[in-house]
Amino acid sequence: MDRKTYRKVFDEISFSADFQERTAALLRARKAEKENKTMTFGKMKKMALLTAAAVALLAISVSAATLWLSPSQAAEDLFDQPLLARAFEDEDALIVNETVETGDFMVTLLGAASGEDLDVLGNTDTSRTYAVLALQRLDGTPLEQQDFDFIRYTFTPLISGYEPWRVNNWTLDASAQGASLDGVFYYLLDVQNLEMFADRTVYLAFYEGGAPSADSFTVQADGSISFSEDFEGPHALFTLPLDESLADPAAAEAFLAEYGLQDTEGPDSEPEGQVSPDDVQFHVDGIEDGEAMDPDNIILEGFESHSSTAS
């Protein structure tokens, strides 16, 4: 059909009086419908993102409320050690957050930091390592300071190549503090700088019991250490991820010479003169003999030489 014929046919069509008005209204409705669908999708997408963000925030808030403090928070808020808190925030600090479930407990090594003049328990002008551990009950029962038997448990470093009953809290001039918050019990371990052993595997062991012994630990031919297979009671063994370049063999040799120690010769027997669990004497800062223990400030300090104690 040519244009002239098409126009003639079209002109013969009879339209209603309101055809133009209704057509314009229909076009406006179609345009509005299209705009509404686009707007609705945008709103739904935005609402979905906001809802997801709110759920994520809630999950983070719940997790934070039910887990534990950071090492820095524990140092500052529980143990009143602001210098140490800043050390835990330094890029050289070790944030571990490794958890082991054992017995009735969930044991988490939060982190460690090393340095000088951090003024922890009065140990100034010396290079020290500090580690924070969190302890929770698996059934959710709060661990309150006044109820938890702090001195029944030990939190100590062990070094591969050295027998556990030779190199530990008792020879590394260690001390420990304990405090609880929101049902979580925290340990702060203060020990001679462990970085000197960074070319070896450095362990942090937590367990029920006193000084390490050949009954508690096994030493393999390569010097690696593990708990004895028949060890009873809660126990966890962590590896401290030290930078090997920080090792100080000269300092390690000086430490060995001071205590008359050498690399492990095997776990057959405990050497004479070494402390045994029966010899351990616990000292709680500020408590005289016969006085009740104040749970608000428990500090176990190492004694001098081989009779020192820390938990």
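**Exercise 1. Against which helix and strands do the buried residues of H3 pack?**

Solution. Before starting, note that the model is predicted, that local features need pLDDT of at least 70 and side-chain atom pairs count only at pLDDT 80 or more, while totals for chains, interfaces and linings use all residues. Residues are numbered from 1 along each chain as its sequence is written, and side-chain values use heavy atoms, with hydrogens and water left out.

Step 1 is to place the element: helix H3 covers residues 71-78, where helices (H or I, at least four residues) and strands (E, at least two) are DSSP runs numbered from the N terminus. Step 2 is to find its buried residues, which include Pro 71, Ser 72, Ala 74 and Ala 75; buried means under 20% relative accessible area, exposed over 50%, and partly exposed in between, with a 1.4 Å probe and protein chains only. Step 3 gives the partners: the buried residues of H3 pack against helix H4 (82-88), strand E1 (94-102), E2, strand E3 (127-137) and strand E6 (184-192), a contact being heavy atoms within 4.5 Å.

**Exercise 2. Describe Asp 80 and Asn 97 by their phi angles and their exposure.**

Solution. Start with Asp 80, which follows H3 and lies in the loop between H3 and H4. Its phi is near 55°, a positive value in a residue other than glycine. Asp 80 counts as exposed because its relative accessibility is 60%.

Turn next to Asn 97, which is found in strand E1 and has a positive phi of about 50° although it is not a glycine. With a relative accessible area of 42%, Asn 97 is partly exposed.

**Exercise 3. Work out the surroundings of Ala 134 in strand E3.**

Solution. First establish its exposure: Ala 134 is buried, because its relative accessible area is 0%. Then list its contacts, not counting residues up to four places away in sequence; these are Trp 68, Met 106, Val 107, Thr 108, Leu 110, Val 184, Phe 185 and Tyr 186. Finally, take one of these partners: Leu 110 is 24 residues from Ala 134 in sequence, and their C-alpha atoms are 6.9 Å apart in space.

**Exercise 4. Compile the contacts of two buried serines, Ser 160 and Ser 180.**

Solution. Ser 160 is located in the loop between E4 and strand E5 (175-181), and it counts as buried because its relative accessibility is 10%. Leaving aside neighbours within four places in sequence, Ser 160 is in contact with Arg 200, Thr 201, Tyr 203, Gly 223, Ser 224 and Ile 225.

Ser 180 has its place in strand E5 and is buried, with a relative accessible area of 17%. With the neighbours within four places again left aside, its contacts are Leu 78, Leu 143, Glu 144, Gln 145 and Phe 185.

**Exercise 5. Which residues have the most contacts inside the largest nonpolar core?**

Solution. A nonpolar core is a set of buried Ala, Val, Leu, Ile, Met, Phe, Trp, Tyr and Cys residues joined through side-chain atoms within 4.5 Å. The largest such core has 40 residues, and those with the most contacts inside it are Leu 135, Phe 148, Phe 155, Tyr 187, Phe 197, Leu 240 and Phe 255. At least two residues of this core come from each of E1, E2, E3, strand E4 (153-159), E6, strand E7 (202-208), strand E10 (235-240) and helix H5 (249-259). Apart from this core lies another, of 19 residues, among them Phe 79, Ala 87, Ala 113 and Tyr 186.

As a last step, consider Leu 240, which touches Leu 94, Leu 109, Ala 112, Leu 194, Val 202 and Leu 204 when residues up to four places away in sequence are not counted.

**Exercise 6. Characterise the lining of the largest pocket.**

Solution. On a 1 Å grid over the protein atoms alone, a pocket is an open set of points where a 1.4 Å probe fits, with protein on both sides within 12 Å along at least five of seven lines, and lining residues have an atom within 4 Å of a point. The lining of the largest pocket includes Glu 91, Asp 92, Ser 114, Thr 129 and Leu 246. Strand E2 (residues 105-116) gives the most to this lining, with 3 residues.
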